[in-house]
Amino acid sequence: MLQIGSLVDGRYKILSEIGHGGMSVVYMAINEKANKTWAVKEVRKDGTMDFNTVRAGLMAEIETLKKLNHPNLPSIVDIIEDEDSFIIVMDYIEGRSLDIILEETGAQSEANVVEWAMQLCDVFGYLHSRTPPIIYRDMKPANVMLKPDGNIKVIDFGTAKTYDVATGETTGIGTRGYAAPEQYGGLGRTDARTDIYCLGLSMYHMLTNVNPCVTLVTDKSIRAVNPALSRGLDAIILKCTQDNPDDRYQTCAELMYDLENYQNLEPLYKRKQRAKLIWFLITVFMSFVLLISGIVVSLSASSVASDNYESLMDEASKNSDYDEKIRLYEECISVPNMAGKPDAYTALIQCYKENDAVFTQKEADQIEVLVKNNKEALMEDQDAYVEICFEIGKLYWYYYDYDGNGSNNQLTRGKSSLPWFSDVVKYASEDYENLGMAKAYSGIGVFYRDISTKVIEASDRGEYEPFFKDMKSLIDNLASDENESEIVRLELLDMGRAAIQQFATKFKQDGVSYDEMLEFYTKIETLVELVDTTTDKTRDMKKKIVSNMPDTSTAIKAAYGTVHEENGG
């Protein structure tokens, strides 16, 4: 057994024990020369088990991990074997496993579970797209580590197997309770749909805190345990956990799409959509009536309408009640012949930001209907329409809270803002001052929209370098713009930081140099320090970014090999 303070292979100093099993102990160790922390797993030959069998399993896990390169998977860096033990040096993952979090805090929020499940879909989609495909087969909360930055890491590849496409041959079993029927033998072969089943049971566990290892789960409906849970998520989990693999989601991409849109599966949502359609038709009808009225009204009536518009705008600007302000600005837009004036739209946008610095789904529905219904009128002043689209795009990018739980999913925000920035690029003149930023926002939105599919299809090479340039363009513009709000500045800086940490290896593969990456990181670090925070929210945002910068720096060094170079490796 390794001793605390001892040096393994002349490089890894053992700091503390962080876990142990029947034959193995896991330690935290440090390579003092590189100032890098690692996890050291020691498996000893204690004579109670066939060590050759154990070693074969370990080598299978190591060989699997050595071939993989994904931000949510750990890396093996060293293997040391002697007469008494077998030692594996791998990434040290700071954080806690999801099963421990469940034990300590109980059932998790829908927003958190959906975010984790989407990250897991990305991991499994990557594994299933390998040649040959890799089937993980042991998805459960205990095998998922949640890091302080909110991202997850999948651990323990002891049961992962490559899938023989010709014979459909994989062997072995995962964890009873989570394992799919076909993992028990005699009920078919395991394939990508097996991982989808296990993920569905894991989501069930996280949302209900009913452990399928302890309690036999026959009814996989989360609403049978807690009727307050989402009908959309209930439908997704039930589809994941069908006994017949043909009745499940066939790919992680299909599951990812429904997770992104799980609220759209709600019956209540569908009823709301029908109601919106009715109101939309009513609005169209009223617009038609107003159009006919506009044809027959006299010039004096137009003057009255203009006076009425200005009066309502003035009243709204002086009113301190948020709901009343919104109603007055909507009334301004409905004044005959005034729907094309941009002032009320820009005032509405400003109201959304100033009210609580959150752009809700209700507000998003409201501004979208107003702009789209009156696009023709607004396009009479094309420059004004372009500016409105640019500001709405920024609303989605920085303030959108799509599920009402404070979620900040850049994938959803980027995709939602994309149509608005696309209209800016489409209609703006070449001398429009924000055209370059709109193109960068649009490019990043397209990246977040398409990257998961491209990763699954293994066609993502070449996508990361343009994404890096777009991010750098926005950060460079931020450095020269002193008028942007502190929330916008911090959100953008954190997005750039997160992109470096998640995609550093991909940036390198696409030709981004170490000097470019280091310059980008340094600029973000400098700009964060310059942000003058005035609220508790922005102070917390800044503190979080600063605390995550060391991990981001480590990601750069790991991607570009600087750790090994400093080691002389």
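Is asparagine 209 buried, partly exposed or exposed? Asparagine 209 comes out partly exposed, with a relative accessible area of 36%. Before I go on, one reminder: what we're looking at is a predicted model. Asparagine 209 sits in the loop between helix 4 and helix 5, and its phi is near 60°, a positive value in a residue other than glycine. I flag that because most residues other than glycine have a negative phi, and most peptide bonds are trans.

There's another one to look at, arginine 137. You'll find arginine 137 in the loop between strand 8 and strand 9, residues 144-146. Its phi is near 75°, again positive and again not a glycine. So is arginine 137 buried or exposed? It's buried, because its relative accessible area is 1% and the cut-off for buried is under 20%.

And while we're on backbone oddities, the peptide bond from threonine 131 to proline 132 is cis, with omega near -5°. Proline 132 is in the loop between helix 3 and strand 8, which covers 134-135.

OK, let's go to the sheet at the start of the chain. Strands of a sheet pair through backbone hydrogen bonds, either parallel or antiparallel. Here we have an open sheet of 6 strands in the order 1-2-3-4-6-5, with antiparallel pairing. Strand 1 and strand 5 are at the edges with a single partner strand each, so one side of each has no neighbour in the sheet.

Walk along it with me. Strand 1, residues 7-8, pairs with strand 2, residues 12-20, over 2 bridges. Valine 8 has tyrosine 12 as its bridge partner in strand 2. The hairpin has 3 residues between these strands, and in it aspartate 9 takes a positive phi near 55°. Next, strand 2 pairs with strand 3, residues 24-31, over 7 bridges, antiparallel. Histidine 20 is matched there with valine 25 in strand 3. Over at the other end, strand 5 and strand 6, residues 85-91, run antiparallel and are joined by 5 bridges. Isoleucine 76 stands opposite methionine 90 in strand 6.

Now zoom in on isoleucine 80, in strand 5, residues 76-81. What does isoleucine 80 touch, once we skip residues up to four places away in sequence? The answer is Val8, Asp9, Tyr12, Ser85, Phe86, Ile87 and Val89. Isoleucine 80 is buried, because its relative accessible area is 16%, against a cut-off of under 20%. Its C-alpha is also 9.3 Å from that of glutamate 42, with their positions 38 residues apart in sequence.

On to the nonpolar cores. In soluble globular proteins, nonpolar side chains tend to be buried together. The largest nonpolar core here has 142 residues, and Leu127 and Leu259 touch the most other members. A second, separate core of 12 residues includes Val25, Ile80, Ile87 and Val89. Back to leucine 127: beyond its neighbours within four places in sequence, it is in contact with Leu68, Leu73, Pro133, Ile134, Tyr136 and Phe157.

As for Leu259, it's one of the buried residues of helix 6, residues 252-260, along with Cys252, Leu255, Met256, Asp258 and Glu260. What covers them includes helix 3, helix 4, helix 5, helix 14 and helix 15.

One more buried charge for you: glutamate 182, in the loop between strand 11, 161-162, and helix 4. Glutamate 182 has a relative accessible area of 4%. It lies 62 residues from asparagine 244 in sequence, but the two are 8.8 Å apart in space, C-alpha to C-alpha.

Last stop, empty space. Rolling a probe the size of a water molecule over the atoms shows where empty space is left. How many cavities of 30 Å³ or more do we get? The count is 1, with a volume of about 40 Å³. It's lined by 10 residues, and Met437, Asn477, Leu478, Glu484 and Leu492 lie nearest its centre. By class, the lining has 7 nonpolar, 1 polar and 2 charged residues. Helix 15, helix 16 and helix 17 each supply at least two of them, and helix 16 gives the largest share, 3 residues.

That's my tour, so over to you.

Note on methods. Residues numbered from 1 in each chain as written. Predicted model: local features only at pLDDT ≥ 70, side-chain atom pairs only at ≥ 80, totals over all residues. Heavy atoms only, no water. 1 Å grid on protein atoms, 1.4 Å probe; cavity = no way out; pocket = protein on both sides within 12 Å on 5 of 7 lines; lining within 4 Å. Points joined across faces, edges and corners; volume = space filled by probe spheres on them. Helix = DSSP H or I, 4+ residues; strand = E, 2+ residues; numbered from the N terminus. Nonpolar A, V, L, I, M, F, W, Y, C, P; charged D, E, K, R; others polar. Pairing = 2+ DSSP bridges. Buried < 20%, exposed > 50% of the residue type's maximum accessible area, 1.4 Å probe, protein only. Contact = heavy atoms within 4.5 Å. Core = buried A, V, L, I, M, F, W, Y, C linked by side-chain atoms within 4.5 Å.
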